[in-house]
Amino acid sequence: MPQMGESIAEGTIVRWIKKVGDQVDRDEPLFEITTDKVDAEIPSPAAGILTEITAKEGDTVSVNSVVGTIQLADEEPPSRLKPALTTEATEPLPAPSPRGGAVKAGASTQSQGDGFASAGSTTPAPARQARLDDDDNRRQKSSPLVRRIARENQVDVAQIAGSGLAGRVTKQDILNYLDRGQGGRGKGEGLSKESGLSVQETVRPSAGTEGRSEIQPLSAMRKKIAEHMVLSKRTSAHVHSVFHVDFSDVEGIRQHKKEEYARLGAKLTYMAFIAKAVIDGLRRYPIVNASLDGDNIVFRKDVNLGIAVALETGLIVPVIRNADEKNLLGLSRAIADVAERARNKQLKPDEVHGGTFTITNPGQFGAQFGMPIINQPQVAILGVGTIEKRPLVIDDAIAIRTMAYLTLGFDHRLIDGAVADQFMADIKQRLEHFDPSQV
């Protein structure tokens with residue numbers, strides 16, 4: 001596959017959709033990958049027969065490396081190149097790429113090493129030494145995420161041995177480095193490589209004490225989620241504020257307009273109203289749409305709204321770019337579109353990157369409210385509780401109203417409680433007295 005986004009340096013092959021010997025058409029799904037940003041099915045770059053798979057399911061490989069070979073319909077099977085060991089270090093031979101038929105998904109970390117070892121020699125040859133020096137320079141060209149983790153933990157990236165392309169330091173490299181007790185943290189503290197949880201030590205129970213149990217490795221997506229969540233908790237000073245909101249006016253407008261929206265090919269949901277109120281609130285309180293970069297505040301001029309979507313294998317947050325330029329109809333269509341494509345694994349990496357604020361909806365499963373974790377590098381996230389009819393005291397009388405709890409999780413390093421509550425009060429006011437002219 002081509003590089004799927006500027007900051008993506010590697011991907012994990014989740015499964016091969018085609019097997020060796022299968023006929024494939026151009027643009028037909030060939031294999032599925034997961035990256036730091038997104039799960040995606042990779043289309044075949046050519047029509048022919050899949051003759052070789054060089055990266056198996058579960059392998060994490062760097063971008064632009066060959067993971068398989070396709071024999072085109074009008075050519076002979078490619079001969080395999082076998083590099084000979086020499087007494088001098090040599091550059092690795094390129095993988096076969098017959099007429100552009102090679103399938104690329106990210107470079108194998110083994111094939112991008114230091115080349116072949118010099119027989120019986122421990123001193124690098126000049127060519128190899130030059131390449132090592134070059135790798136040391138390129139290692140510092142890590143992704144923005146890696147550089148941010150390094151900066152926040154006061155780590156020099158150049159000190160870390162990178163496993164990515166040409167020694168590039170990957171996110172897993174720096175997390176493993178921190179897990180080993182380096183970078184200003186005590187030995188044994190930090191991230192567990194398998195679970196991403198903060199641990200002092202790992203004790204595996206003996207088979208005799210486990211009883212009836214089944215052990216399964218974490219999926220690639222689950223590992224990424226674990227890493228991101230622990231990173232966020234370690235980075236941001238999380239505080240939460242909960243507001244009880246009356247959705248009765250919104251419900252009345254929704255029932256009145258839903259058939260009209262259906263004729264226009266859109267489903268008018270509560271989420272569209274909430275998104276609209278949030279966007280208007282972010283215009284009034286731009287600090288909630290900002291981010292922190294070291295000692296600097298980055299004020300985002302656009303509102304790129306993330307909408308959390310629950311999948312069978314985890315959670316993904318597609319981003320609606322320039323959401324502040326859309327009306328309620330446009331938001332309804334955009335929310336439905338990204339949710340559908342997220343479930344069908346049709347999102348592009350750029351569509352889950354660059355969000356400035358996130359909305360998550362645990363209420364769809366019946367939760368009264370939740371305490372969501374901030375989606376880094378954002379500084380706030382809104383959780384939506386279940387929307388249902390409840391008794392409410394109005395003018396000393398009990399009335400039945402459509403109610404829900406909204407929870408704002410915010411980073412107290414940047415946002416004070418007063419500002420967070422003012423922002424939430426603004427959203428509450430907009431939803432309880434929604435302007436019909438905006439529908």
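Leaving aside neighbours within four places in sequence, glycine 385 is in contact with Gly363, Ala367, Gln368, Phe369, Ala404 and Tyr405, where contact means heavy atoms within 4.5 Å. Glycine 385 sits in the loop between β17 (380-384) and β18 (388-394). Helices (H or I, at least four residues) and strands (E, at least two) are DSSP runs, numbered from the N terminus. With a relative accessibility of 1%, glycine 385 counts as buried; buried means under 20% relative accessible area, exposed over 50%, and partly exposed in between (1.4 Å probe, protein chains only). Its C-alpha atom is separated by 7.5 Å from that of glutamine 364, 21 residues apart along the chain.

**Model and confidence**

This is a predicted model, in which local features need pLDDT of at least 70 and side-chain atom pairs count only at pLDDT 80 or more, while totals for chains, interfaces and linings use all residues. Residues are numbered from 1 along each chain as its sequence is written, and side-chain values use heavy atoms, with hydrogens and water left out.

The pLDDT, the predictor's confidence in each residue on a scale from 0 to 100, averages 80 for the protein, and 74% of the residues score at least 70. Over residues 104-128 the pLDDT stays under 50, and the model has 56 contacts beyond four places in sequence for this stretch. Residues 184-203 also have a pLDDT below 50, with 37 contacts in the model beyond near neighbours in sequence.

**Overall composition**

The protein has 439 residues, and 45% of them are buried. Its secondary structure comes to nine helices and 19 strands. Of the contacts with a separation of 6 or more, 63% are accounted for by residues 24 or more positions apart.

Helix α3 (residues 171-179) is largely enclosed by the rest of the structure, because seven of its nine residues are buried. The buried residues of α3 are Lys171, Asp173, Ile174, Leu175, Asn176, Tyr177 and Leu178.

**Packing of helix α7**

Two packed helices are described by the angle between their axes and the distance between the axes. The axes are lines fitted to C-alpha atoms, for helices over the stretch in contact, and angles run from 0 to 180 degrees between N-to-C directions.

Helix α7 (residues 270-284) packs with helix α8 (residues 328-343) at an angle of about 120°, with the axes 9 Å apart. This makes α7 oblique to α8; angles under 35 degrees count as roughly parallel, over 145 as roughly antiparallel, 65 to 115 as roughly perpendicular and the rest as oblique. The crossing of α7 and α8 is right-handed. A crossing is right-handed if the near helix is turned clockwise from the far one by less than a right angle, and left-handed if anticlockwise. On the α7 side the contact is made by Met271, Ala272, Phe273, Ala275, Lys276 and Ile279, and on the α8 side by Leu328, Leu331, Ser332 and Ile335. These residues divide into eight nonpolar, one polar and one charged. Ala, Val, Leu, Ile, Met, Phe, Trp, Tyr, Cys and Pro count as nonpolar, Asp, Glu, Lys and Arg as charged, and the others, Gly among them, as polar.

Helix α7 also packs with helix α9 (residues 417-432), at an angle of about 135° and with the axes 9 Å apart. Here too α7 is oblique, and the crossing of α7 and α9 is right-handed. Phe273, Ile274, Ala277, Val278, Asp280, Gly281, Leu282 and Arg284 in α7 meet Phe423, Asp426, Ile427, Arg430 and Leu431 in α9. The residues of this contact divide into eight nonpolar, one polar and four charged.

In the segment after α9 is valine 439. Valine 439 touches Ile253, Lys257, Tyr261, Phe273, Leu328 and Phe434, not counting residues up to four places away in sequence. Valine 439 and leucine 268 are 171 residues apart in sequence and 9.7 Å apart in space, C-alpha to C-alpha.

**Backbone details**

The peptide bond from glutamine 376 to proline 377 is cis, with omega near 0°. Proline 377 lies in the loop between β16 (357-360) and β17. Two residues that are not glycines have a positive phi.

| Residue | Phi | Loop | Relative accessibility |
|---|---|---|---|
| Asparagine 64 | about 75° | between β6 (60-62) and β7 (66-72) | 42%, partly exposed |
| Lysine 345 | about 55° | between α8 and β16 | 27%, partly exposed |
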